[in-house]
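Visitor: I have just started learning about protein structure. Could you walk me through this one, step by step?

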Amino acid sequence: MSTNDIGFKAALEEAKQGALEKGVPIGACLVSKEGKILGRGHNMRMQKDSPTLHAEMSALENAGRLPASAYAGSTMYTTLSPCDMCTGACILYKVSRVVLGENNTFVGAEELLRSKGIEVINLKDAECEALMKTFIENQPGDWNEDIGEE
C-alpha cells in the first residue's frame, strides 16, 4: 500500500468538508492492513460543540466498535500532525502507521508515536498546509482553542 492511496485522499476530502462547514479543516481516515477504509471523519469540534471530536477521533468514532484485531497493522491518515489526544488514541488502539499531510502549521506528538514503534510518514502536502494556514489566519481564536492554547 502506498502512502498516497485512498486513505490520504479520503482524509483530504474530509478536511475540505470541514472547511466548507466553517470548522477546523482537518480530516482523517483509518485504513486496515488489507487496504479497507474502516472509518473516516473530520474535525467536528465547532460543529458539534465537542471538546474532543478531532479528525482522528471522528474517524475512530465512525469506524464503530471494532475488535482489537481490526486495528492491528492499520494506518491512520491525517491531514495534520496529530495532537497528544489523537496520538494517545492511535497508541491505545495499536495503529501501526500514521501518515500525515503536513506538520509545518502544527507539530503534534510525532516523537511519542515513534517511541511506541509507530511509523510516522510526513507527506509535506501543500494543499493540506494551505487549508490550515487559511484557517489559522482567518480564525486564530478557534485554532488556539482547538490546540488547547489561550
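Visitor: Which residue in β3 does Cys-29 stand opposite?

Guide: This is a predicted model, in which local features need pLDDT of at least 70 and side-chain atom pairs count only at pLDDT 80 or more, while totals for chains, interfaces and linings use all residues. Residues are numbered from 1 along each chain as its sequence is written, and side-chain values use heavy atoms, with hydrogens and water left out. Strands here are DSSP runs (E, at least two residues) and helices are runs of H or I with at least four, numbered from the N terminus. In β3, the residue opposite Cys-29 is Tyr-77.

Visitor: In which sense do β1 and β3 run, parallel or antiparallel?

Guide: Strands of a sheet pair through backbone hydrogen bonds, either parallel or antiparallel. Two strands count as paired if DSSP finds at least two bridges between them. β1 and β3 are joined by four bridges, and their sense is antiparallel.

Visitor: And which residue of β4 is the bridge partner of Thr-78?

Guide: β3 and β4 also share four bridges, but these strands pair in the parallel sense. One bridge takes us from Thr-78 into β4, where the partner is Leu-100.

Visitor: Which strands stand at the edges of the sheet?

Guide: Five strands form an open sheet with mixed pairing, in the order β2-β1-β3-β4-β5. An edge strand has a single partner, so one side of it is left without a neighbour in the sheet. From one strand to the next, the twist averages 15 degrees, where axes are lines fitted to C-alpha atoms (for helices, over the stretch in contact) and angles run from 0 to 180 degrees between N-to-C directions. The edge strands are β2 and β5.

Visitor: Which residues of β4 point the other way from Arg-97 and Val-99?

Guide: In a regular strand the side chains alternate between the two faces of the sheet. In β4, Arg-97 and Val-99 point one way, and all four residues are buried; buried means under 20% relative accessible area, exposed over 50%, and partly exposed in between, with a 1.4 Å probe and protein chains only. Pointing the other way are Val-98 and Leu-100.

Visitor: At about how many degrees to β2 does α1 run?

Guide: Helix α1 covers residues 6–20 and reaches 21 Å from its first C-alpha to its last. That is close to the expected 21 Å, a span worked out as 1.5 Å times one less than the number of residues. The buried residues of α1 pack against several elements, including β1, β2 and α7. α1 lies across β1, β2 and β3, and its angle to β2 is about 25 degrees.

Visitor: Why is Glu-14 in that helix counted as buried?

Guide: Glu-14 is found in α1. Setting aside neighbours within four places in sequence, Glu-14 is in contact with Gly-27, Ala-28, Arg-40, Gly-41 and His-42, contact meaning heavy atoms within 4.5 Å. Glu-14 is counted as buried because its relative accessible area is 11%.

Visitor: Which side chain does Glu-14 join through a polar contact of 2.6 Å?

Guide: A polar contact is a pair of N or O atoms within 3.5 Å; within protein, one must be able to donate a hydrogen and the other to accept it, and residues adjacent in sequence count only if both atoms are side-chain atoms. The side chain of Glu-14 makes one with that of Arg-40, at 2.8 Å. The contact of 2.6 Å is with the side chain of His-42.

Visitor: Is Arg-40 itself buried or partly exposed?

Guide: Arg-40 has its place in strand β2. Its side chain also has a polar contact of 2.9 Å with that of Glu-13. With a relative accessibility of 28%, Arg-40 counts as partly exposed.

Visitor: Which element gives the most to the largest nonpolar core?

Guide: A nonpolar core is a set of buried Ala, Val, Leu, Ile, Met, Phe, Trp, Tyr and Cys residues joined through side-chain atoms within 4.5 Å. The largest has 26 residues, of which Ile-26, Leu-30, Met-76, Val-98 and Trp-143 touch the most other members. Elements giving two or more residues include β1, β4 and α7. With four residues, the one that gives the most is α3.

Visitor: What is the relative accessible area of Thr-105?

Guide: Thr-105 is found in the loop between β4 and α6. Its side chain makes a polar contact of 2.5 Å with the side chain of Glu-102. Thr-105 is buried, with a relative accessible area of 18%.
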